[in-house]
Amino acid sequence: MPNRRLVGGIELGGTKSIVAIGYDDGTILEQTSLPTIVPELLIPQIAEFFRSHRDGLGQIEALGVGAFGPIIVAPKAQNYGRLLQTNKPGWSNFDLATALSSAIGLTPHIVTDVASAGIAEAALGALRGYDLGIYLTVGTGIGGAIICYGQPLPALLHPEIGHIALQRHRNDVAPSCCRFHANCAEGLAAGPAILARFGQSLSHFSVGSAEHNLIADYLGQLCANLVLTLSPQRIVLGGGVCKTPGLIEATRAAMLNHLGDYAPEDVESEYFVCEPALGQDAGIVGALCLAELEKPSPVIALRRA
Ligand SMILES: [Zn+2]
(Lines give C-alpha, C1' and ligand atoms only; values in the text may rest on other atoms or scores of the structure.)
Protein backbone atom coordinates (compact mmCIF):
# COMPACT_ATOMS: atom_id res chain seq x y z
CA MET A 1 0.00 0.00 0.00
CA PRO A 2 2.49 2.66 -1.16
CA ASN A 3 0.06 5.57 -1.00
CA ARG A 4 -0.74 5.33 2.67
CA ARG A 5 0.28 8.38 4.63
CA LEU A 6 1.37 8.50 8.24
CA VAL A 7 -1.22 10.46 10.20
CA GLY A 8 -2.25 11.22 13.76
CA GLY A 9 -5.65 10.72 15.30
CA ILE A 10 -7.25 11.95 18.51
CA GLU A 11 -10.51 10.73 20.00
CA LEU A 12 -11.31 13.33 22.63
CA GLY A 13 -13.75 11.69 25.01
CA GLY A 14 -15.60 12.92 28.07
CA THR A 15 -13.48 10.94 30.53
CA LYS A 16 -10.59 9.54 28.48
CA SER A 17 -8.95 10.39 25.21
CA ILE A 18 -7.26 8.06 22.74
CA VAL A 19 -4.30 9.27 20.71
CA ALA A 20 -2.92 7.24 17.84
CA ILE A 21 -0.40 7.22 15.03
CA GLY A 22 -1.28 5.18 11.98
CA TYR A 23 -2.18 5.28 8.34
CA ASP A 24 -5.02 7.18 6.74
CA ASP A 25 -6.69 3.87 5.85
CA GLY A 26 -7.43 3.44 9.57
CA THR A 27 -4.50 1.18 10.44
CA ILE A 28 -3.31 1.88 13.99
CA LEU A 29 0.44 1.59 14.62
CA GLU A 30 0.70 3.05 18.12
CA GLN A 31 -1.92 4.33 20.51
CA THR A 32 -2.30 5.48 24.07
CA SER A 33 -5.13 6.39 26.40
CA LEU A 34 -5.01 9.57 28.47
CA PRO A 35 -7.48 10.87 31.07
CA THR A 36 -9.30 13.93 29.67
CA ILE A 37 -7.94 16.43 32.16
CA VAL A 38 -7.99 20.20 31.64
CA PRO A 39 -6.82 21.14 28.13
CA GLU A 40 -3.76 23.11 29.29
CA LEU A 41 -2.34 19.84 30.63
CA LEU A 42 -3.78 17.38 28.12
CA ILE A 43 -2.69 19.08 24.89
CA PRO A 44 1.04 18.98 25.80
CA GLN A 45 0.69 15.26 26.64
CA ILE A 46 -0.85 14.62 23.22
CA ALA A 47 1.93 16.57 21.50
CA GLU A 48 4.54 14.63 23.47
CA PHE A 49 3.02 11.33 22.31
CA PHE A 50 3.49 12.30 18.66
CA ARG A 51 6.99 13.67 19.35
CA SER A 52 8.09 10.53 21.19
CA HIS A 53 7.27 8.32 18.19
CA ARG A 54 8.84 10.56 15.56
CA ASP A 55 12.16 8.70 15.47
CA GLY A 56 10.57 5.26 15.35
CA LEU A 57 7.63 5.84 13.03
CA GLY A 58 8.28 9.18 11.38
CA GLN A 59 6.60 12.55 11.25
CA ILE A 60 2.81 12.54 10.97
CA GLU A 61 1.55 14.43 7.94
CA ALA A 62 -2.01 15.20 8.96
CA LEU A 63 -4.20 15.15 12.05
CA GLY A 64 -7.81 14.04 12.52
CA VAL A 65 -9.85 14.65 15.67
CA GLY A 66 -13.18 13.29 16.88
CA ALA A 67 -14.18 15.46 19.84
CA PHE A 68 -16.97 15.61 22.37
CA GLY A 69 -19.20 18.59 21.85
CA PRO A 70 -20.83 20.84 21.40
CA ILE A 71 -18.08 22.11 19.11
CA ILE A 72 -18.00 24.22 15.97
CA VAL A 73 -17.13 21.87 13.10
CA ALA A 74 -18.18 23.90 10.03
CA PRO A 75 -14.76 24.20 8.34
CA LYS A 76 -15.14 27.81 7.22
CA ALA A 77 -16.58 29.12 10.47
CA GLN A 78 -14.31 31.72 12.02
CA ASN A 79 -14.43 29.87 15.32
CA TYR A 80 -13.85 26.43 13.75
CA GLY A 81 -12.70 23.93 16.33
CA ARG A 82 -13.90 25.91 19.32
CA LEU A 83 -15.93 24.16 21.99
CA LEU A 84 -19.14 25.74 23.22
CA GLN A 85 -20.49 25.61 26.78
CA THR A 86 -19.82 22.19 28.28
CA ASN A 87 -20.00 20.61 31.73
CA LYS A 88 -16.38 19.47 31.39
CA PRO A 89 -14.28 21.70 33.65
CA GLY A 90 -11.87 23.90 31.70
CA TRP A 91 -13.22 23.04 28.26
CA SER A 92 -15.99 25.62 27.75
CA ASN A 93 -15.10 27.92 24.82
CA PHE A 94 -11.70 26.25 24.48
CA ASP A 95 -10.12 26.80 21.08
CA LEU A 96 -9.12 23.21 20.34
CA ALA A 97 -8.09 23.82 16.73
CA THR A 98 -5.64 26.61 17.56
CA ALA A 99 -4.24 24.78 20.59
CA LEU A 100 -3.54 21.63 18.56
CA SER A 101 -2.11 23.60 15.64
CA SER A 102 0.41 25.38 17.82
CA ALA A 103 1.34 22.30 19.89
CA ILE A 104 1.65 19.84 17.01
CA GLY A 105 2.27 22.05 13.97
CA LEU A 106 -0.59 20.65 11.88
CA THR A 107 -4.03 22.07 11.22
CA PRO A 108 -6.43 19.48 12.61
CA HIS A 109 -9.51 18.22 10.81
CA ILE A 110 -12.12 18.14 13.57
CA VAL A 111 -15.49 16.40 13.72
CA THR A 112 -17.62 15.19 16.61
CA ASP A 113 -16.75 11.90 18.30
CA VAL A 114 -19.87 10.26 16.93
CA ALA A 115 -19.06 11.50 13.42
CA SER A 116 -15.59 10.04 13.76
CA ALA A 117 -17.07 6.61 14.57
CA GLY A 118 -19.47 7.04 11.67
CA ILE A 119 -16.60 7.81 9.29
CA ALA A 120 -14.87 4.61 10.40
CA GLU A 121 -18.06 2.61 9.82
CA ALA A 122 -18.33 4.17 6.36
CA ALA A 123 -14.70 3.43 5.51
CA LEU A 124 -14.41 -0.07 6.93
CA GLY A 125 -17.65 -1.18 8.57
CA ALA A 126 -21.42 -1.31 8.43
CA LEU A 127 -21.87 1.85 6.31
CA ARG A 128 -19.28 0.90 3.73
CA GLY A 129 -20.65 1.23 0.20
CA TYR A 130 -23.62 3.38 1.22
CA ASP A 131 -23.90 6.96 -0.06
CA LEU A 132 -25.98 8.12 2.90
CA GLY A 133 -26.01 6.42 6.26
CA ILE A 134 -26.73 7.37 9.84
CA TYR A 135 -24.68 6.34 12.83
CA LEU A 136 -26.47 6.59 16.17
CA THR A 137 -24.99 5.89 19.55
CA VAL A 138 -27.19 5.26 22.54
CA GLY A 139 -25.29 5.29 25.81
CA THR A 140 -24.98 7.97 28.47
CA GLY A 141 -26.57 10.21 25.85
CA ILE A 142 -27.82 9.78 22.31
CA GLY A 143 -25.62 11.11 19.54
CA GLY A 144 -25.92 10.84 15.83
CA ALA A 145 -23.99 11.53 12.67
CA ILE A 146 -25.23 11.76 9.11
CA ILE A 147 -22.53 10.30 6.89
CA CYS A 148 -22.73 11.22 3.22
CA TYR A 149 -20.12 9.78 0.82
CA GLY A 150 -17.95 8.85 3.78
CA GLN A 151 -18.04 12.28 5.42
CA PRO A 152 -20.32 14.05 7.86
CA LEU A 153 -22.93 16.13 6.10
CA PRO A 154 -21.93 19.82 6.23
CA ALA A 155 -23.96 21.61 8.85
CA LEU A 156 -24.42 24.79 10.83
CA LEU A 157 -23.27 23.16 14.07
CA HIS A 158 -23.63 19.38 14.01
CA PRO A 159 -26.70 17.18 14.28
CA GLU A 160 -28.26 16.85 17.74
CA ILE A 161 -30.34 13.82 16.84
CA GLY A 162 -30.67 12.78 20.48
CA HIS A 163 -32.73 15.87 21.20
CA ILE A 164 -35.46 15.15 18.65
CA ALA A 165 -38.82 15.16 20.42
CA LEU A 166 -40.72 11.87 20.58
CA GLN A 167 -44.30 10.99 21.39
CA ARG A 168 -44.27 9.96 25.01
CA HIS A 169 -46.27 6.87 25.94
CA ARG A 170 -49.46 7.64 27.81
CA ASN A 171 -48.45 5.63 30.86
CA ASP A 172 -44.86 6.78 30.92
CA VAL A 173 -44.68 9.52 33.55
CA ALA A 174 -40.96 9.22 34.31
CA PRO A 175 -39.20 12.59 34.33
CA SER A 176 -36.98 13.31 31.35
CA CYS A 177 -33.26 12.97 31.97
CA CYS A 178 -32.52 15.84 29.56
CA ARG A 179 -32.23 19.19 31.28
CA PHE A 180 -33.46 20.98 28.18
CA HIS A 181 -36.41 18.90 26.98
CA ALA A 182 -39.32 17.03 28.52
CA ASN A 183 -39.78 14.52 25.70
CA CYS A 184 -36.58 14.17 23.68
CA ALA A 185 -35.07 10.82 22.74
CA GLU A 186 -32.09 11.26 25.03
CA GLY A 187 -34.25 12.29 27.95
CA LEU A 188 -36.52 9.27 27.49
CA ALA A 189 -34.32 6.46 26.22
CA ALA A 190 -30.60 6.99 26.90
CA GLY A 191 -28.83 4.95 29.57
CA PRO A 192 -29.47 7.38 32.48
CA ALA A 193 -33.19 7.57 31.60
CA ILE A 194 -33.40 3.77 31.60
CA LEU A 195 -31.59 3.56 34.93
CA ALA A 196 -33.74 6.26 36.53
CA ARG A 197 -36.98 4.72 35.29
CA PHE A 198 -36.32 1.01 35.84
CA GLY A 199 -33.60 1.05 38.51
CA GLN A 200 -31.32 -1.12 36.36
CA SER A 201 -29.96 -1.39 32.86
CA LEU A 202 -32.14 -2.67 30.02
CA SER A 203 -30.18 -5.92 29.74
CA HIS A 204 -31.95 -7.07 32.94
CA PHE A 205 -35.26 -7.18 31.06
CA SER A 206 -36.23 -9.85 28.57
CA VAL A 207 -37.17 -9.25 24.96
CA GLY A 208 -40.90 -8.61 24.80
CA SER A 209 -41.13 -7.22 28.35
CA ALA A 210 -42.88 -3.88 28.83
CA GLU A 211 -39.55 -2.24 29.71
CA HIS A 212 -37.78 -3.57 26.63
CA ASN A 213 -40.72 -2.67 24.40
CA LEU A 214 -40.89 0.90 25.72
CA ILE A 215 -37.26 1.71 24.94
CA ALA A 216 -37.44 -0.09 21.57
CA ASP A 217 -40.50 1.96 20.73
CA TYR A 218 -38.78 5.25 21.55
CA LEU A 219 -35.73 4.32 19.50
CA GLY A 220 -38.04 3.08 16.74
CA GLN A 221 -39.78 6.46 16.71
CA LEU A 222 -36.41 8.15 16.41
CA CYS A 223 -35.39 5.94 13.48
CA ALA A 224 -38.76 6.51 11.77
CA ASN A 225 -38.26 10.27 12.04
CA LEU A 226 -34.81 9.93 10.50
CA VAL A 227 -36.12 7.76 7.67
CA LEU A 228 -38.75 10.36 6.86
CA THR A 229 -36.36 13.31 7.12
CA LEU A 230 -33.23 12.03 5.42
CA SER A 231 -34.16 8.75 3.72
CA PRO A 232 -30.85 7.13 4.69
CA GLN A 233 -29.83 3.85 3.12
CA ARG A 234 -28.86 2.36 6.46
CA ILE A 235 -28.97 3.19 10.18
CA VAL A 236 -26.29 1.82 12.50
CA LEU A 237 -27.17 1.62 16.19
CA GLY A 238 -24.11 1.67 18.45
CA GLY A 239 -23.47 2.47 22.09
CA GLY A 240 -23.88 0.46 25.27
CA VAL A 241 -27.69 0.48 25.37
CA CYS A 242 -27.91 -0.97 21.85
CA LYS A 243 -25.88 -3.98 22.97
CA THR A 244 -28.96 -5.11 24.91
CA PRO A 245 -29.90 -8.47 23.37
CA GLY A 246 -32.79 -8.13 20.95
CA LEU A 247 -33.03 -4.35 21.15
CA ILE A 248 -31.93 -3.61 17.59
CA GLU A 249 -34.47 -6.10 16.19
CA ALA A 250 -37.23 -4.68 18.40
CA THR A 251 -36.26 -1.14 17.40
CA ARG A 252 -36.50 -2.09 13.73
CA ALA A 253 -39.99 -3.54 14.27
CA ALA A 254 -41.09 -0.42 16.19
CA MET A 255 -39.69 1.80 13.43
CA LEU A 256 -41.72 -0.04 10.79
CA ASN A 257 -44.79 0.18 13.01
CA HIS A 258 -44.40 3.96 13.26
CA LEU A 259 -43.83 4.28 9.53
CA GLY A 260 -46.98 2.31 8.75
CA ASP A 261 -46.57 1.09 5.20
CA TYR A 262 -45.06 4.40 4.25
CA ALA A 263 -41.48 3.45 3.53
CA PRO A 264 -39.41 2.13 0.66
CA GLU A 265 -39.04 -1.64 0.55
CA ASP A 266 -35.37 -1.52 1.54
CA VAL A 267 -36.28 -0.06 4.91
CA GLU A 268 -38.03 -3.35 5.71
CA SER A 269 -34.81 -5.30 5.21
CA GLU A 270 -33.46 -6.91 8.36
CA TYR A 271 -30.15 -5.20 7.59
CA PHE A 272 -31.51 -1.65 7.40
CA VAL A 273 -31.15 -1.04 11.12
CA CYS A 274 -28.02 -2.84 12.22
CA GLU A 275 -25.25 -3.01 14.76
CA PRO A 276 -21.82 -1.46 14.13
CA ALA A 277 -19.22 -3.65 12.45
CA LEU A 278 -16.30 -2.06 14.29
CA GLY A 279 -15.74 -2.30 18.03
CA GLN A 280 -14.58 0.32 20.46
CA ASP A 281 -11.78 1.36 18.12
CA ALA A 282 -14.23 2.99 15.70
CA GLY A 283 -13.69 6.52 17.08
CA ILE A 284 -9.91 6.51 16.79
CA VAL A 285 -9.91 4.62 13.48
CA GLY A 286 -12.28 7.27 12.15
CA ALA A 287 -9.95 10.03 13.35
CA LEU A 288 -7.08 8.47 11.37
CA CYS A 289 -9.25 8.12 8.25
CA LEU A 290 -10.46 11.67 8.73
CA ALA A 291 -6.98 13.17 8.80
CA GLU A 292 -6.60 12.93 5.05
CA LEU A 293 -10.21 13.55 4.04
CA GLU A 294 -10.80 16.73 2.16
CA LYS A 295 -12.60 19.26 4.29
CA PRO A 296 -16.07 19.75 2.84
CA SER A 297 -17.23 23.23 1.98
CA PRO A 298 -20.20 24.28 4.05
CA VAL A 299 -23.47 24.95 2.27
CA ILE A 300 -23.46 28.45 3.66
CA ALA A 301 -20.22 30.22 4.54
CA LEU A 302 -20.68 31.47 8.07
CA ARG A 303 -19.99 35.14 8.71
CA ARG A 304 -19.93 37.12 11.86
CA ALA A 305 -22.64 39.79 11.94
ZN1 LIG B 1 -33.02 16.95 25.01
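**Exercise 1. Find how many salt bridges the whole structure holds, then place the one formed by Arg4.**

Solution.
Step 1. This is a predicted model. A search of the whole structure gives 7 salt bridges.
Step 2. Take Arg4. Its salt-bridge partner is Asp25. The closest N and O atoms lie 3.2 Å apart. The cut-off for a salt bridge is within 4 Å, so the pair qualifies.
Step 3. Locate both ends. Arg4 sits in the segment before β1 (6–12). Asp25 sits in the loop between β2 (16–23) and β3 (28–35). The two are 21 residues apart, and the pair links distant parts of the chain.
Step 4. Check exposure. Arg4 has 30% relative accessibility. Asp25 has 22%. Partly exposed covers the range between under 20% (buried) and over 50% (exposed), so Arg4 and Asp25 both count as partly exposed.

**Exercise 2. State which residue forms a salt bridge with Asp95, and where the two residues lie.**

Solution.
Step 1. The partner is Arg82. Here the closest N and O atoms are 3.7 Å apart.
Step 2. Asp95 belongs to the loop between β4 (63–67) and α3 (96–104). Arg82 is also in the loop between β4 and α3. They are 13 residues apart.
Step 3. Asp95 has a relative accessible area of 21%, which makes this residue partly exposed. Arg82 has 30% and is partly exposed as well.

**Exercise 3. Decide for Arg168 and Asp172: buried or partly exposed?**

Solution.
Step 1. Arg168 and Asp172 form a salt bridge, with the closest N and O atoms 3.8 Å apart.
Step 2. Arg168 has 27% relative accessibility, so this residue is partly exposed.
Step 3. Asp172 has 7%. Buried means under 20%, so Asp172 is buried.
Step 4. Now turn to a network. Arg5, Glu61 and Glu292 are joined into one by salt bridges that share partners.

**Exercise 4. Name the residues in the patch of negative charge on the surface, and look at Glu265.**

Solution.
Step 1. The patch gathers Asp261, Glu265, Asp266 and Glu268.
Step 2. Glu265 is in the loop between α8 (247–259) and β10 (273–274).
Step 3. The relative accessible area of Glu265 is 69%. Exposed means over 50%, so Glu265 is exposed.
Step 4. Patch residues need over 30% relative accessible area; Glu265 therefore passes that test with 69%.

Note on methods
Residues numbered from 1 in each chain as written. Predicted model: local features only at pLDDT ≥ 70, side-chain atom pairs only at ≥ 80, totals over all residues. Heavy atoms only, no water. Patch = residues over 30% accessible without salt bridge, like charges linked within 9 Å, V, L, I, M, F, W, Y side chains within 5 Å. Areas by Shrake-Rupley, 256 points an atom, 1.4 Å probe, with all protein chains shown as cover. Salt bridge = Lys/Arg side-chain N within 4 Å of Asp/Glu carboxyl O. Lys, Arg positive; Asp, Glu negative; His and termini not counted. Charge placed at Lys NZ, Arg CZ, Asp CG, Glu CD. Helix = DSSP H or I, 4+ residues; strand = E, 2+ residues; numbered from the N terminus. Buried < 20%, exposed > 50% of the residue type's maximum accessible area, 1.4 Å probe, protein only.
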